[in-house]
Amino acid sequence: MPLTGADAEAAHLILNGALLAIKLANSSGELKGITLEPMVLNNATATAGQYDPAQAATNARKLVGDKKVLANVGPEMSGSGKAMAPILSMADLATITPSSTAPALTDPQFAGEFVPGGKPIYFRTVTTDAYQGPNMANFYAETLKVPSVYVLDDSGAYGVGLADAFAAQAKVKGIKVLGRDRLDPKAADYSAVLTKIKATNAASLYYGGTMQAAVKLVKQSYQIVPDIKKGGGDGILSPEMMTAAGFPAAEGWYATNASPHVVDDPKLASWVALYSKTYGVQPDDYAITSYDAALVAIAAIKAVIKSGKPLTASNVRNAVQTVKINGLQGPISFDKYGDLSTRVVAVFQFKQNKAAPLADMDKQSIYIGVAPQS
Amino acid sequence: MTGSAIFLQQIINGVSLGAVYALLALGFTLVYGILELINFAHFSVFMVGAFVALVVLEAFGLQGQSVVMHGAPLVLVLLVALVVTMVASGALGVAIERYTLRPMRNVKGPMAMITTIGVSYILFNLVLLATNAQAINFPDPMPQASYHVGGVVIRLKEILIWIVSAVLMIGLNLFVKRTKLGKAMRAVAQDAEAARMMGVDVDNVVMIAFFAGSALAGAAGMIFGLYYNFAQYSIGYTAGLRAFTAAVLGGIGNVPGAMLGGIVIGLIETLGSQYIAARWADVIIFSILIGTLVFRPAGLLGMLAPNRS
């Protein structure tokens, strides 16, 4: 997780989810004498200012080098995942990501690159951008009914893939894609590219990427193209949208999540209360998928213990593949590539709530619904 | 928007961006002109300046975009913040010179330059730790006024940036050209040894160059914050490298050259984004840096480097 830097707040929400599951498993004694010890590794670096794939690779080597590590929860970002997957694959160490959504990671077409070890090790408790991007394009076409769009990304693995997937489906749906450009996440000034967008008279903007570029994009697009519809993926469904980008600039932006929206589900009220009591912040949906990811790992470890096989990373991986549990978000199982069997993309819109704390995602955005699946 | 309106709008964007680069480039140029030293700590002084301005504005009770001020109180608050920021950044520059560079003054080779890189990293990491690497929402007390002229939008903020930058740059130019201290500066730049023999206090001149350059970097930091409405530990690096390119392009050591270079780089960035693509901006800018170094090392307006024969 990038626990410092541009995406730190969102990363901590996710980390807490996994830690909570581990804590509860330990205190319940369900693992019969085994105490799980979480090892938390930060993959953000000062030079990157955000998640850093090079650091993620270093962390992955650290994980596979430690025989006591049975499974990993994470990473948050696909850019980190791409650096980690080959290393984890060679060691047969399963990772369950609560939020990284780049399709390539589990796409059999790229197996040589990301699964050199042969068996899937990259499992997800969220769906992928193969659904997140296109479903949002469906939402743009069917619900927002925009005639044209300009598509930007932040040059990262996640952002480029998401924006490409969105643009492809937008064309299918008859939305005119007026342009496709790339932002340097470290640059400060996007007024030039936004002026260009204004000149095309685009009716909407779609941004694939994370918060480092989004902070500036949101602020400057409010100045230059205030009236068009704007949206992005789960990379901008983050408290930084309010604390760093701020209202009124963030007002009206749409964002998706590659998981069902269950935080407000009354069935989860006691879990949400426990989470916010333990960590002092409100969880978001990825805190839930992260909790579920840790549940998957715990269930797999339990299965290995039950089968009497030695407790190794490789045996735990085999158990993860066949896990069938009821997580907070609903039933969880994986297809043969490691992807979640259920595929739901939720759409949100940022809307200021002056009475609520600024960083409270749940209060500062409204849930629009599930994006149309094609 | 019509083709010409788009072009004009990008020129406005480019000049605003260029004004920040130009203010930063002046600091590189002042110090280089006198010491023949590329001061990489300058990047970080700019960034620290943005945070000083942030703290001062927040001390006035301005948080994010919530408070909008008008008229005399607004001018007063901005002026106080600008003065505090410039003095604090200037003092930081003087401290860097006094404690890390003066002991190396007579050491030959790249030692001093490497020291400035070290100082830059220290400041960078201090701010990183203090802010937990977050982007901070910068107060925006100015009314969102804008003027529409035939499809082109000029915002109040942009006009303010131009005025403040122009005043600071013209002021510096007059200071270097017309005052006694400025004359001493030029004398030291040409030949420090001879200037010392003529009774010029070289240490004092160097200190003033650092103060002026760093104060301008602080002003640039505050303008950056007000214009883009965010501050982050990493802002110095990207802006600083471009400002450095601007200084080289204009002719490092040359004050009007730094201003021209800043504006040109700003324009290249915006026009390049419009007519080519934003993703090529860095490639174009740093190709210009290399091209200038190879084909016209003295820059557009010529280098005012010390001429020791």
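**Notebook: strands of chain A, helices of chain B**

I looked up Asn257(A) and found that its bridge partner in E11(A) is Ala346(A). The model is predicted, so I note that local features need pLDDT of at least 70, that side-chain atom pairs count only at pLDDT 80 or more, and that totals for chains, interfaces and linings use all residues. Residues are numbered from 1 along each chain as its sequence is written, while chains are lettered from A and ligands numbered from 1 in the order in which they are written.

I then followed strand E11 (residues 346-350) of chain A to its partners, taking strands as DSSP runs (E, at least two residues) and helices likewise (H or I, at least four), numbered from the N terminus. Strand E8 (residues 254-257) of chain A is joined to E11(A) by four bridges and runs antiparallel to it, where pairing requires at least two DSSP bridges. On E12(A) (residues 365-370) I found five bridges to E11(A), again antiparallel, with Phe348(A) opposite Tyr367(A).

In chain B, I looked up helix H5 (residues 156-178) and helix H8 (residues 202-228), which pack at about 175° with axes 11 Å apart; axes are lines fitted to C-alpha atoms, for helices over the stretch in contact, and angles run from 0 to 180 degrees between N-to-C directions. H5(B) and H8(B) are therefore roughly antiparallel, a label for angles over 145 degrees.

I also checked the UniProt record, an unreviewed entry, which lists residues 40-62 and 74-96 of chain B among its transmembrane regions. The end C-alpha atoms of residues 74-96 of chain B lie 33 Å apart, and that span is 100% helix.

Methods: Angles under 35 degrees count as roughly parallel, over 145 as roughly antiparallel, 65 to 115 as roughly perpendicular and the rest as oblique. UniProt positions are given in the numbering used here, feature names are shortened, and annotations may be inferred rather than shown by experiment.
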